Amino acid sequence: MSNISIVNLSAYTSPVIQENKKNDFIEYGSDNNYFQYLIDRYLYSATNGAIITGVANMIYGKGLDALDSNRKPNEYAQMKSIIKDSDLKKIALERKLLGMAAMQVVMEKKQVKQVLHFPMQTLRAEKCNDKGQIEAWYYFPDWTKRKPSEKPKRIPAFGFGNGNEVEIYVIKPYVSGFDYYSPIDYSGALPYALLEENIADYQINDCQNGFSGTKVINFNAGIPTEEMRDKIKRDVLNKLTGARGEKVIVAFNQNAESKTTVEDLPLNDAPAHYEYLSKECFEKLIVGHRVTSPMLLGIRTGDGGLGNNADEIKTATLLFDNIVIKPYQLEIIEALDTILAINSISLKLYFKTIQPLEFVDVSGMGAETKEEETGVKMSAETNVELDDFLSSKGEILPDNWVCVDETEVDYDSEEELDLEINNLNKKSTLSKIWDFATSVGSKPNAKSSQDKEIDSFKFITRYSYTGNQSPEREFCQKMMSASNNGRVYRKEDLENVNSKLVNDGFEHNNTPYNIFLYKGGPRCHHKFLRKTFVNMEGVKIDVNNPNAKTISVATAEKYGYRVRNQKEVAMMPNDMPSKGFHPNNNNLPIDAQ
């Protein structure tokens with residue numbers, strides 16, 4: 001009968017997720033300490049640690065920004081005050097390292113006051129409710145040291161609090177079959193991280209023991225009991241194994257014939273064997289983490305110089321960024337969008353990249369896409385949608401269309417308009433013939449509901465922007481500039497333009513408002529002027545002759561050409577009730593529903 005005892009390395013097993021009837025929380029791992037197991041593999045495997053650190057740095061990049069920060073400075077400032085960069089860095093690291101990340105959402109009066117990183121390894125999920133929802137998470141600083149009598153702290157999950165307490169938001173990507181905890185995306189490579197650690201320990205021990213081979217220790221004083229054999233084996237293993245195993249064996253023998261013997265079991269081709277195992281671990285970890293090129297982590301695997309691999313680095317960077325980094329970033333951004341929505345903050349968030357600008361091909365990109373890809377902030381004066389609206393819808397009428405009246409409309413005194421015909425006729429003499437000019441996309445002949453032909457006279461109504469000549473808002477600045485340059489607009493175009501595109505940040509509940517009525521939004525000091533034009537083609541008029549034929553608005557109305565708009569069209573929002581603010585939101589236009 002053989003009395004040789006075999007010592008096996010513990011085989012890697014996937015984490016056990018099980019319910020314990022004695023607890024309200026769900027354990028993670030057979031010892032309820034799987035998160036720490038992952039942290040150890042991060043700390044003690046050189047390749048695994050380098051990859052995780054590198055990926056986390058790429059996820060965070062140069063920090064969080066917003067494409068519309070210039071148009072929504074107040075919301076952007078609130079976002080920056082709610083969550084700090086230092087917390088975002090920790091969240092990015094734990095999302096990669098642990099497969100999940102937790103945020104502590106501080107609520108007060110049903111508003112988000114602050115978002116902080118929360119150590120994921122200290123949390124355990126509460127058992128799901130009947131709808132499969134996790135209503136709370138349990139906190140304990142070190143689960144390995146928790147005594148059965150100690151109760152972990154219950155913290156409500158995000159959306160399950162009372163609006164005046166701390167809530168926990170856990171970024172937990174969906175994985176089929178995992179309801180409580182999401183596995184890491186490199187789980188298939190995790191055994192190689194452990195193997196790399198063991199190789200390092202073995203080589204250190206080998207070096208410290210003078211590169212001697214594996215030992216077989218024989219005890220020649222008879223066969224002790226099984227209990228004694230187990231004790232002797234444990235004592236020897238504790239002394240001689242591990243990275244710091246002792247070099248000297250001290251044995252006590254009754255005589256020379258019964259002395260303990262130590263025999264070497266040499267490992268043939270040890271250097272080649274270690275090299276193979278190390279390379280295998282490295283390659284499997286690279287594959288498991290989906291690293292497109294080791295060069296991304298600053299690791300050269302060949303003899304070529306760094307410059308010789310420039311094309312490889314560029315291609316690998318773009319691929320890695322799109323298939324690995326961006327999905328992580330989107331998860332974090334979606335979580336932040338959900339949290340910030342509580343405070344009615346809606347921003348186009350993105351993480352600024354750390355990849356070199358020369359790696360990004362920006363040809364054909366719009367301004368926002370270019371900013372998101374490069375991290376280079378758009379100019380505060382840049383609003384592509386507004387510029388497009390101004391150029392494509394704004395008309396500069398040819399010289400055969402003559403402005404015969406430019407007036408503010410007082411709808412409260414509409415019935416008195418006909419009585420003022422004589423006065424209006426005196427005020428509205430032909431004053432200007434517009435120079436012919438057109439722009440790309442301009443449609444001066446587009447029909448409007450306010451266009452009409454009466455007694456061979458063709459009448460049209462257009463609108464120009466007027467008011468404060470030194471506006472602060474980009475929308476008002478560009479509208480004023482367009483009007484000063486002679487551009488006029490149809491009523492339909494002003495009513496139908498999407499305010500969220502041309503004047504983002506002033507809508508209510510993310511719903512566009514009517515630009516025609518509420519211009520640049522609450523407290524705006526601008527309004528639209530109604531301009532009446534008549535087509536004078538074929539009509540000879542000496543504009544310098546005081547007796548020249550004139551056509552006023554009132555005269556046009558006598559011909560049957562009447563234009564009526566809502567009274568707000570001729571009002572500055574600042575002169576409206578509540579300064580143009582929405583009754584349920586004092587930052588937004590009154591008509592936004």
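Visitor: Why is arginine 290 called partly exposed?

Guide: One thing first: this is a predicted model. Arginine 290 has a relative accessible area of 38%. Buried would need under 20%, and exposed would need over 50%. The 38% of arginine 290 falls in between, so partly exposed is the label.

Visitor: Where does arginine 290 sit, and what is its phi?

Guide: Arginine 290 is in the loop between helix H7 (270–288) and helix H8 (310–340). Its phi is near 60°, which is a positive value in a residue other than glycine. Serine 344 also has a positive phi, about 60°, and is not a glycine either. You'll find serine 344 in the loop between H8 and strand E12 (349–351).

Visitor: How do you know whether asparagine 74 is buried or exposed?

Guide: Check its relative accessibility, which is 60%. The cut-off for exposed is over 50%, so asparagine 74 counts as exposed. Asparagine 74 belongs to helix H3 (residues 73–82). Its C-alpha is 9.3 Å from that of isoleucine 345, although the two residues are 271 apart in sequence.

Visitor: And what makes lysine 89 partly exposed?

Guide: Lysine 89 has a relative accessible area of 48%. Exposed starts over 50% and buried ends under 20%, so lysine 89 is partly exposed. Lysine 89 is part of helix H4. Between its C-alpha and that of glycine 63 there are 8.3 Å, with 26 residues separating them along the chain.

Visitor: Let's turn to helix packing. Why are H2 and H4 called oblique?

Guide: Helix H2 (residues 46–60) and helix H4 (residues 85–98) pack at about 135°, with axes 9 Å apart. Roughly perpendicular runs from 65 to 115 degrees, and roughly antiparallel needs over 145. An angle of about 135° fits neither, and therefore H2 and H4 are oblique to each other. The crossing of H2 past H4 is right-handed.

Visitor: Which residues make that contact, and what are they like?

Guide: From H2 come Ile52, Val55, Ala56, Ile59 and Tyr60, and from H4 come Asp85, Leu88, Lys89, Ala92, Leu93, Lys96 and Leu97. By class, the contact of H2 with H4 has 9 nonpolar and 3 charged residues, with no polar ones.

Visitor: What makes H1 and H2 roughly perpendicular?

Guide: The axes of helix H1 (residues 34–44) and H2 cross at roughly 100° and come within 5 Å. The window for roughly perpendicular is 65 to 115 degrees, so H1 and H2 qualify. Arg41, Tyr42 and Tyr44 of H1 meet Ala46, Asn48, Gly49, Ile52 and Thr53 of H2. Those residues split into 4 nonpolar, 3 polar and 1 charged.

Visitor: Why is the same word used for H1 and H4?

Guide: H1 and H4 pack at about 100°, with their axes 10 Å apart. That angle sits inside 65 to 115 degrees, and therefore H1 and H4 are roughly perpendicular too. Here Phe35, Leu38, Ile39 and Tyr42 of H1 touch Leu93, Leu97 and Leu98 of H4. The class tally for H1 with H4 is 7 nonpolar, no polar and no charged.

Visitor: On to the aromatics. Why is the pair of phenylalanine 140 and tryptophan 143 called tilted?

Guide: There are 16 aromatic pairs in the count. For phenylalanine 140 and tryptophan 143, the ring centres are 5.9 Å apart and the planes are at 55°. Pairing needs centres within 6.5 Å, stacked means planes under 30 degrees apart, and edge-to-face means over 60. With 55° the pair is neither, so it is tilted. Both phenylalanine 140 and tryptophan 143 are buried.

Visitor: Which residues do ring pairs link into a cluster?

Guide: Tyr28, Tyr34, Phe35, Tyr37, Trp137 and Tyr181.

Visitor: How do you know that helix H12 is mostly covered?

Guide: Count its buried residues: in H12 (residues 474–484), 8 of 11 are buried. They are Glu474, Phe475, Cys476, Lys478, Met479, Met480, Ala482 and Ser483. After H12 comes glycine 486, with a positive phi near 95°.

Visitor: And how much of the whole protein counts as buried?

Guide: 44% of the 593 residues. The protein has 16 helices and 19 strands. Among contacts between residues at least 6 apart in sequence, 71% join residues at least 24 apart.

Key:
Residues numbered from 1 in each chain as written. Predicted model: local features only at pLDDT ≥ 70, side-chain atom pairs only at ≥ 80, totals over all residues. Heavy atoms only, no water. Axes fitted to C-alpha atoms, helices over the stretch in contact; angles between N-to-C directions. Helix = DSSP H or I, 4+ residues; strand = E, 2+ residues; numbered from the N terminus. Parallel < 35°, antiparallel > 145°, perpendicular 65-115°, else oblique. Left-handed = near helix turned anticlockwise from the far one by under 90°. Contact = heavy atoms within 4.5 Å. Nonpolar A, V, L, I, M, F, W, Y, C, P; charged D, E, K, R; others polar. Phe/Tyr/Trp six-rings, centres within 6.5 Å; stacked < 30°, edge-to-face > 60°. Buried < 20%, exposed > 50% of the residue type's maximum accessible area, 1.4 Å probe, protein only.
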